[in-house]
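Let's explore this structure together, one question at a time. Have a look at the sequence and the 3D view, then follow along.

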2 protein chains.
Amino acid sequence: MSKGVRTRAAILGEALSLMSTDGLSGLTIGLLAERTGLSKSGLFAHFGSKEQLQVAVLQEAQACFTAHVIRPVLGLPRGLPRLEAFAEGWWTWNRSPPFPGGCPIQAASLELDDRPGLLRDEIAGAQRRLRAFIRQGAAMAIAAGHFRPGLDCTLFAFQMVGIAFAQTMTCRLLGEPEGLDFVRRAWRLQVEGALGSAHNQTGEMNHVE
Amino acid sequence: MSKGVRTRAAILGEALSLMSTDGLSGLTIGLLAERTGLSKSGLFAHFGSKEQLQVAVLQEAQACFTAHVIRPVLGLPRGLPRLEAFAEGWWTWNRSPPFPGGCPIQAASLELDDRPGLLRDEIAGAQRRLRAFIRQGAAMAIAAGHFRPGLDCTLFAFQMVGIAFAQTMTCRLLGEPEGLDFVRRAWRLQVEGALGSAHNQTGEMNHVE
DNA sequence: AAAATAAACGAACGATCGTGCTATTGTCAA
DNA sequence: TTGACAATAGCACGATCGTTCGTTTATTTT
C-alpha cells in the first residue's frame with residue numbers, strides 16, 4: 001500500500017466524520033486539511049476538485065455502511081432471519097453510526113434532492129441499491145415461506161425506509177430516548193403485516209400490541 | 001402596512017425559494033440580496049444577523065405549511081375525515097410545495113440534527129408541533145369511534161412522518177413518478193391498521209363534533 | 001547511491017462569506 | 001411642506017472559499 005493511498009484513506013475517514021456533523025456543504029477543504037494535518041493544496045491534489053472529493057466521500061460512506069450493516073447479515077439464513085438482523089443493524093447504525101454525527105447518506109439524500117449532478121446521481125444510486133437489497137430480502141422471505149405470497153416487496157422497502165427516516169428525526173433531532181421503541185414497534189407491525197397466513201391466523205391484525 | 005414590513009415579507013418569500021433548493025447553508029445573504037434587488041447591507045439591516053435571518057425563514061416556512069396544509073382541514077369534521085384530508089394535503093405539499101425545491105423543514109431536519117443551537121431548536125419545535133397535530137388527530141378519530149381505542153397515537157404519528165420522508169426520497173431524489181402510489185398505499189395500510197374493530201373497510205363512519 | 005517519480009508544501013489568486021460603519025434616500029405624521 | 005425617522009445604499013474589513021502554480025521534500029525504482 002503506497003503512501004498516497006494511505007493518506008487518501010485517512011482523509012476520507014476524517015471527511016466522513018466532518019460530513020456527518022456538518023453535511024456535504026459543511027465539508028470544506030480548509031477545515032479538512034486542518035483536521036488531517038495536511039496543507040490545503042496537498043490535500044486538494046488527491047482529488048483534483050471539490051466535487052470529486054465529495055463523490056469519494058459519498059462512496060466511502062456507502063462502503064462503510066456495507067461493511068457495518070450489510071455484510072454481517074449476509075451469512076445468515078435467507079428470509080426473515082436475515083431481514084430481522086438487517087433491520088436491527090440498521091436501527092443501530094442510524095442511532096449511533098461510526099461517526100460523531102448521523103448517517104451522511106440520509107442527510108445528503110434530502111440535501112441534494114433538488115440539485116442535479118454527479119453528487120445527486122451518486123446518492124440516488126446508493127438509495128436505489130439499498131431499496132433493492134430490502135426488496136430482495138423480502139422476496140427471499142416470500143420464497144422461504146415466511147412472508148405471504150403477493151406481498152409487494154417494493155412497498156415493503158418503501159415503508160422500511162420511512163421508518164429509518166422517522167427514527168433519525170426522533171432520535172437525533174428531537175433527542176427522544178424512547179425513539180428506538182417506536183422504531184421497533186413500527187417495524188414489528190410491518191413485519192406482522194407481511195407474514196404468511198400460517199403466522200397470521202393467530203389474531204386480528206388490528207389487535208393492539 | 002409599512003414599507004419595512006413589506007420588504008421583509010418579500011425577502012422571506014424569496015429566501016424560502018432559495019432555501020428549498022439550496023438548503024439552509026445555501027441561503028446566503030449576497031445571493032438573497034441579488035435576487036431581491038436589494039443591497040447586501042440593506043437586506044442585512046432587516047435581520048441583524050445571519051442566524052436571525054435563518055430563524056425568520058424557518059418560521060416563515062412553518063407559517064406557509066400551516067396556511068397550505070393545516071388550516072384548510074380545520075373546518076372538516078374531526079376524526080378520520082380531517083385526518084384523511086390532512087394526509088392528502090401533506091402528500092401534495094411534499095410532492096409540489098409552493099417553492100421550486102422540496103419542503104425546507106424536512107430538509108433542515110436532517111441538516112441540523114447534529115448542530116445544537118437556535119436553529120435546531122426552531123426545527124425541533126416545528127416537528128414536535130406537527131407530530132402533536134397528528135397525534136391529536138388520531139386521538140379525535142378514536143373519540144369519534146373511527147379508530148380503535150388503545151391505538152398508540154404517538155406511534156401513529158411516528159409512522160406517518162416516516163411515510164412523508166420516504167415520499168420525499170422517492171418522488172424527489174429518485175424521481176419515480178409512481179412514488180405517490182406507494183405513499184397512498186402505505187398510508188392506507190396504516191389507517192386500516194388503526195380502524196376500530198366494529199368498522200369494516202368500506203369507510204363508513206359516524207360524524208362526531 | 002543516484003535517478004525518477006510521487007507527495008506535500010507555501011504563497012497567492014479572485015470570489016464570496018458575514019458584518020460593521022457612514023451617508024443617502026425614501027416614507028410618513030405634523 | 002417640513003422635520004423626524006425608517007429604509008436602503010455604498011464601501012470596506014477580515015476571513016474563508018476553491019483553485020492554480022512553482023518548489024521542496026519523501027518515497028520508490030533503477
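Q: What percentage of the atoms of DNA strand C within 4 Å of the protein belong to sugar or phosphate?
A: Keep in mind that this is a predicted model. The atoms of DNA strand C that lie within 4 Å of the protein are split between bases on one side and sugar or phosphate on the other. The share that belongs to sugar or phosphate is 63%.

Q: Which residues come nearest to DNA strand C?
A: There are 17 residues around DNA strand C, and both protein chains appear among the nearest ones. Chain B gives B:Thr28 and B:Lys50 to that nearest group. From chain A come A:Ser39, A:Ser41 and A:His46.

Q: How many Å separate a base oxygen of DNA strand C from an N or O atom in the side chain of A:Ser41?
A: Let's start with the phosphates: a polar side-chain atom of A:Lys3 lies 3.5 Å from a phosphate oxygen of DNA strand C. A:Gly4 uses a polar backbone atom, 3.4 Å from a phosphate oxygen of this strand. A:Ser41 instead faces a base oxygen with an N or O atom of its side chain, and the distance is 2.5 Å.

Q: Which elements give two or more residues to the surface near DNA strand C?
A: By class, this surface has three nonpolar, three charged and eleven polar residues. Chain B contributes through helix H2 (29–36) and helix H3 (40–44). In chain A, the elements are helix H1 (3–26) and helix H3 (40–44).

Q: Which residues come nearest to DNA strand D?
A: Around DNA strand D there are 19 residues. Of its atoms that come within 4 Å of the protein, sugar and phosphate account for 63%. The nearest residues are A:Thr28, A:Lys50, B:Ser39, B:Ser41 and B:His46.

Q: How many Å lie between a phosphate oxygen of DNA strand D and an N or O atom in the side chain of B:His46?
A: Chain A reaches a base here, with an N or O atom in the side chain of A:Lys40 at 3.2 Å from a base nitrogen of DNA strand D. From chain B, a polar side-chain atom of B:Lys3 lies 3.5 Å from a phosphate oxygen. For B:His46, the side-chain N or O atom is also paired with a phosphate oxygen, and the distance is 2.3 Å.

Q: How many polar residues does the surface near DNA strand D have?
A: At least two residues each are supplied by helix H2 (29–36) and H3 of chain A, and by helix H1 (3–26) and H3 of chain B. Sorted by class, the surface has four nonpolar and four charged residues. Its polar residues number eleven.

Q: Which residues of chain A does UniProt list for "DNA-binding region"?
A: The UniProt record is an unreviewed entry, and it also carries the annotation "domain: HTH tetR-type" for residues 5–65 of chain A. That domain span is 84% helix and 0% strand. For "DNA-binding region", the record lists residues 28–47.

Q: How many helices does chain A have?
A: The C-alpha atoms of chain A fill a box of roughly 65 × 35 × 30 Å along the principal axes. Its elements run α-α-α-α-α-α-α-α-α-α from the N terminus on. With zero strands, the count of helices is ten.

Q: What area do chain A and chain B bury between them?
A: The size of an interface is often given as the accessible area lost when the parts come together. The contact takes 44 residues from chain A and 47 residues from chain B. Carbon and sulfur atoms hold 64% of the buried area, which is about 4100 Å².

Q: Which element gives the largest share of the side of chain A that touches chain B?
A: Across the interface of chain A and chain B there are 13 residue pairs in polar contact. H1, helix H6 (104–111), helix H7 (118–143), helix H8 (153–173) and helix H9 (179–194) of chain A each give two or more residues to the side touching chain B. The largest share, 15 residues, comes from H8(A).

Q: Why does the pair of B:Asp114 and A:Arg172 join two chains?
A: The whole structure has ten salt bridges over all chains. B:Asp114 lies in the loop between helix H6 (104–111) and helix H7 (118–143) of chain B, and A:Arg172 lies in helix H8 of chain A, so the pair joins two chains. In this salt bridge, the closest N and O atoms are 2.6 Å apart. The partners that link the chains are therefore B:Asp114 and A:Arg172.

Methods
Residues numbered from 1 in each chain as written. Chains lettered and ligands numbered in written order. Predicted model: local features only at pLDDT ≥ 70, side-chain atom pairs only at ≥ 80, totals over all residues. Heavy atoms only, no water. Near = heavy atom within 4 Å. Polar contact = N/O pair within 3.5 Å; in protein donor to acceptor, adjacent residues only side chain to side chain. Helix = DSSP H or I, 4+ residues; strand = E, 2+ residues; numbered from the N terminus. Nonpolar A, V, L, I, M, F, W, Y, C, P; charged D, E, K, R; others polar. UniProt positions renumbered as here; feature names shortened; annotations may be inferred. Contact = heavy atoms within 4.5 Å. Buried area = accessible area lost by both parts, 1.4 Å probe. Salt bridge = Lys/Arg side-chain N within 4 Å of Asp/Glu carboxyl O.
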